[in-house]
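Hi there,

Here is the structure I promised to pass on. Have a look at it first, and then read on for what turned up.

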Amino acid sequence: MKTIQYSRHAKNRMRMHGISESEIEDAISDADFTEPSVEGRINVWKKSADKFIRITCKDEPARMMIITAVKKKKGWEGKQT
């Protein structure tokens, strides 16, 4: 797996939503759903015990840059692939 680097914004959101680095690693390695985002970014979705985790990241040659991570009540169901 590539090196994972977290932006300051991602670290703050992880702290606010109670998301651990191991949850991020698990979601990236075994995503339930992925979708393209703006500026070449990817949204990765993973169902947790009580909510859905959405991670916005950018896959760069040497690393995976985590832009933000949040927990949401609703997930990816019904979205176009």
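In which sense do E1 and E5 pair, and over how many bridges? The two strands run parallel, and four bridges join them. Before going further, please keep in mind that this is a predicted model.

**The edges of the story: E1 and E2**

Within that E1 and E5 pairing, Thr-3 has Arg-63 of E5 opposite it. The side chains of E1 alternate: Ile-4 and Tyr-6 are buried and point to one face, whereas Thr-3 and Gln-5 point to the other and are not buried. E2 alternates as well, with Phe-33 and Glu-35 buried on one face and Thr-34 and Pro-36, which are not buried, on the other. Both strands fit a general pattern. In a regular strand, side chains switch between the two faces of the sheet.

E2 has a partner too: E2 and E3 run antiparallel and are joined by four bridges. Thr-34 has Val-44 as its bridge partner in E3.

**The hairpin loop**

Five residues sit between the strands in the hairpin of E2 and E3. Glu-39 lies in this loop, between strand E2 (33-36) and strand E3 (42-47). What is the sign of phi at Glu-39? Its phi is positive, about 55°, although Glu-39 is not a glycine. For context, most residues other than glycine have a negative phi. Glu-39 is exposed, because its relative accessible area of 60% is over the 50% cut-off.

Gly-40 is in the loop between E2 and E3 as well. Gly-40 counts as exposed at 58% relative accessibility. Gly-40 and Thr-3 are 37 residues apart along the chain, and their C-alpha atoms are separated by 18 Å.

**The nonpolar core**

Which residues touch the most other members of the largest nonpolar core? They are Ile-24, Ile-55 and Ile-66, in a core of 15 residues. The elements giving two or more residues to this core are strand E1 (3-6), helix H1 (8-17), helix H2 (21-29), strand E4 (52-59) and strand E5 (63-72).

Leaving out residues up to four places away in sequence, Ile-55 touches Ile-24, Ala-27, Ile-42, Asn-43, Val-44, Ile-66, Thr-68 and Ala-69.

**The two helices**

Ile-24 also belongs to the buried residues of H2, together with Ala-27 and Ile-28. Viewed down the axis of H2, these buried residues fall within an arc of 95°, so they line one face of the helix. The general geometry behind this is familiar: an α-helix has 3.6 residues a turn, so residues three or four places apart point the same way. On the face of H2 turned away from the buried side are the exposed residues Ser-22 and Ser-29. The cover over the buried residues of H2 includes E1, H1, E3, E4 and E5.

In helix H1, Met-14 is one to look at. Met-14 is buried, with a relative accessible area of 5%. Apart from neighbours within four places in sequence, Met-14 is in contact with Tyr-6, Ile-19, Ser-20, Glu-21, Ile-24 and Ala-69. The C-alpha atoms of Met-14 and Ala-69 are separated by 6.0 Å, with their positions 55 residues apart along the chain.

**A polar contact at Thr-68**

Is Thr-68, in strand E5, buried or exposed? Thr-68 counts as buried because its relative accessibility of 11% is under the 20% cut-off. The side chains of Thr-68 and His-9 are joined by a polar contact of 3.2 Å. Not counting residues up to four places away in sequence, Thr-68 touches His-9, Ala-10, Arg-13, Arg-54, Ile-55 and Thr-56.

**The aromatic residues**

How many aromatic pairs does the structure hold? There are three. In one of them, the rings of Phe-52 and Trp-76 have centres 5.3 Å apart and planes at 85°, so the pair is edge-to-face. This pair links distant parts of the chain, as Phe-52 is in strand E4 and Trp-76 is in the segment after E5, 24 residues apart. Phe-52 and Trp-76 are both buried. Together with Phe-33 and Trp-45, these two residues form one aromatic cluster.

Happy to talk any of this through.

Best wishes

Note on methods: Residues are numbered from 1 along each chain as its sequence is written. This is a predicted model: local features need pLDDT of at least 70, side-chain atom pairs count only at pLDDT 80 or more; totals for chains, interfaces and linings use all residues. Side-chain values use heavy atoms; hydrogens and water are left out. Buried means under 20% relative accessible area, exposed over 50%, partly exposed in between (1.4 Å probe, protein chains only). A nonpolar core is a set of buried Ala, Val, Leu, Ile, Met, Phe, Trp, Tyr and Cys residues joined through side-chain atoms within 4.5 Å. Contact means heavy atoms within 4.5 Å. The arc is that of the directions from the helix axis to the C-beta atoms. Two strands pair if DSSP finds at least two bridges between them. A polar contact is a pair of N or O atoms within 3.5 Å; within protein, one must be able to donate a hydrogen and the other to accept it, and residues adjacent in sequence count only if both atoms are side-chain atoms. Rings of Phe, Tyr and Trp (its six-membered ring) pair if their centres lie within 6.5 Å; planes under 30 degrees apart count as stacked, over 60 as edge-to-face and the rest as tilted.
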